Amino acid sequence: MSIWHQRWDENRIGFHRLETNPTLSDHWSKLSLPSNASVLVPLCGKSLDMHWLDQQGHTVVGIELVEKAVKQFFDDASMLTEEESKHSGNKYSAGKIHLYHADFFEVQPDETPFDAWYDRAALVALPSNIRPAYVEQLCQLTAANSKGLMVTFDYPQSEMQGPPFALPDTEVEQLFSEHFEVERVQWTDLTEEEQRELSRCSLSVFILTRKSFMSSNSGVQ
Ligand SMILES: C[S@@+](CC[C@H](N)C(=O)[O-])C[C@H]1O[C@@H](n2cnc3c(N)ncnc32)[C@H](O)[C@@H]1O
């Protein structure tokens, strides 16, 4: 059983927020997307941010490893779902929201390629050595010129065991700059606010725009 299955089983989901994330509502319009854009939400949990994205008119596609999270997302909103079996897992749909119960690294959603993506607590949930594969998979699933909004968290890694794992802004630049234009639109010092005993911690918000040209040896198109 993965640590994530264990966490959901034991209801240790402190990452789940009971309101829409303010960074989403503050910055999403800067992506200048048409309302019918399709939005990928990797490692989505049962985030209420997906309802907010749905309300903007988007088709929302979440990918989540733990089925309990997927079911709770719809049950909590009293939404009836249609279920389809896919080769990489089950797809649950209600209106314009589709959640795949699947491993993000294995899935090929029907809605690919996406116009946009939203990452809150997804890349920071993964240790550093897995992050290049996450970026690679994002590239496989998103269209040229697609846009992403990503919220990250940084602190001295030696002071706390993740997840969330520390993600310095310099690592974001290293991971994404080959395939995306990287723009940081917010940096907030959380050292005083966080309950954890960290000597420093901060939140960053990035807008990432997929470059239309990919280098020929990158393995992505
Ligand atoms: C820190 S939580 C964040 C959830 C959500 N983004 C939010 O803001 O509430 C990370 C989620 O990713 C899921 N997850 C972890 N590894 C995954 C994978 N390989 N594929 C899909 N989901 C995964 C976990 O089960 C967990 O629900």
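**Exercise 1. Find the residue in S6 that stands opposite valine 39, then work out how S1 sits among its neighbours.**

Step 1. Start with valine 39: its opposite number in strand S6 is alanine 116. Keep in mind that you're looking at a predicted model.

Step 2. Now zoom out to the strands. S1 (residues 38–41) and S6 (residues 114–120) are parallel partners, joined by two bridges.

Step 3. Check S2 as well. S1 and S2 also run parallel, with four bridges between them, and here leucine 40 stands opposite valine 61. To get from S1 to S2 the chain passes through H3, making a right-handed β-α-β crossover.

**Exercise 2. Decide whether the two faces of S1 are covered or open.**

Step 1. Recall that side chains in a regular strand alternate between the two faces of the sheet.

Step 2. Sort the residues: Ser38 and Leu40 go on one side, Val39 and Val41 on the other.

Step 3. Use the cut-off: buried means under 20% relative accessible area. All four residues are buried, so both faces of S1 are covered.

**Exercise 3. Trace what tryptophan 28 touches.**

Step 1. Look at the largest nonpolar core, which has 57 residues; Trp28, Leu53 and Phe176 touch the most other members.

Step 2. List some contacts. Leaving out residues up to four places away in sequence, Trp28 touches, among others, Val39, Leu53 and Ala116. Val39 and Ala116 are the pair from Exercise 1.

**Exercise 4. Say which elements the buried side of H4 packs against.**

Step 1. Pick out the buried residues of H4 (residues 67–76): Ala69, Val70, Gln72, Phe73 and Phe74.

Step 2. Follow them outward, and you meet helices H1 and H3 plus strands S2, S4 and S5.

How values were computed: Residues are numbered from 1 along each chain as its sequence is written. This is a predicted model: local features need pLDDT of at least 70, side-chain atom pairs count only at pLDDT 80 or more; totals for chains, interfaces and linings use all residues. Side-chain values use heavy atoms; hydrogens and water are left out. Buried means under 20% relative accessible area, exposed over 50%, partly exposed in between (1.4 Å probe, protein chains only). Contact means heavy atoms within 4.5 Å. Two strands pair if DSSP finds at least two bridges between them. A crossover is right-handed if, with the strands pointing away from the viewer, the path from the first strand over the helix to the second runs clockwise. A nonpolar core is a set of buried Ala, Val, Leu, Ile, Met, Phe, Trp, Tyr and Cys residues joined through side-chain atoms within 4.5 Å.
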